[in-house]
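Got your viewer open? Load the model, keep the selection box handy, and we'll go stop by stop.

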Amino acid sequence: TPLVYKDLSVLRRTTGDHLIVIGPTVIHTTSSTKVFSSFLHDVADNLTQSQIEKLIIGTDEEMAIRTAIKRCLPGSTHVLRTRHLKQNANR
């Protein structure tokens, strides 16, 4: 289940607008590369290559999602969200 929100903590450099973010995404099965790839493949099918190249995807270091991003959204930018890492460390 993807949740969409406007991230008030991040501004786009070019326009000064807040980013509209897909996430967090709740995966209701296992967090595997296959599950993430299935979801991201559906996302990619609805975007042009130029739209994919503008995507910035922030995640923690989970290998399954990183692999799925490389596989399904080549050309997008994947960034490490330190907030996720801090939350993971606290848990």
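Start by selecting strand 3 and strand 4 (residues 77-80), which pair in the parallel sense over four bridges. Keep in mind as you click around that this is a predicted model. Now pick out isoleucine 57: across from it, in strand 4, stands histidine 78.

Stay on strand 3 (residues 56-59) and show the side chains, which alternate. Ile57 and Thr59 point to one face and are buried, while Ile56 and Gly58 point to the other and are not. That is the usual habit: in a regular strand the side chains alternate between the two faces of the sheet.

Next, follow Ile57 into the largest nonpolar core. Select Phe36, Leu40, Ala44, Ile52, Ile57, Ala64, Ile65, Ala68, Ile69, Cys72 and Leu73, and you have its eleven residues. Colour helix 1 (33-45) and helix 3 (63-72), since each supplies at least two residues of this core. Helix 3 gives the largest share, with five residues. As a general matter, nonpolar side chains in soluble globular proteins tend to be buried together.

Zoom in on one core member, isoleucine 52. Which residues does isoleucine 52 touch, leaving out those up to four places away in sequence? Light up Ala44, Leu47, Leu73, Pro74, Gly75 and Ser76.

Last stop: the surface. Select Val4, Ile20 and Ile22, which make a nonpolar patch of about 330 Å². Valine 4 belongs to strand 1 (residues 2-11). Is valine 4 buried or exposed? Valine 4 has a relative accessible area of 58%, and the cut-off for exposed is over 50%, so valine 4 counts as exposed.

Key
Residues are numbered from 1 along each chain as its sequence is written. This is a predicted model: local features need pLDDT of at least 70, side-chain atom pairs count only at pLDDT 80 or more; totals for chains, interfaces and linings use all residues. Side-chain values use heavy atoms; hydrogens and water are left out. A nonpolar core is a set of buried Ala, Val, Leu, Ile, Met, Phe, Trp, Tyr and Cys residues joined through side-chain atoms within 4.5 Å. Buried means under 20% relative accessible area, exposed over 50%, partly exposed in between (1.4 Å probe, protein chains only). Contact means heavy atoms within 4.5 Å. Patches are made of residues with over 30% relative accessible area and no salt bridge: like charges are joined within 9 Å, nonpolar side chains (Val, Leu, Ile, Met, Phe, Trp, Tyr) within 5 Å. Accessible areas come from the Shrake-Rupley method with a 1.4 Å probe; for residues, only the protein chains shown count as cover. A salt bridge is a side-chain nitrogen of Lys or Arg within 4 Å of a carboxyl oxygen of Asp or Glu. Two strands pair if DSSP finds at least two bridges between them.
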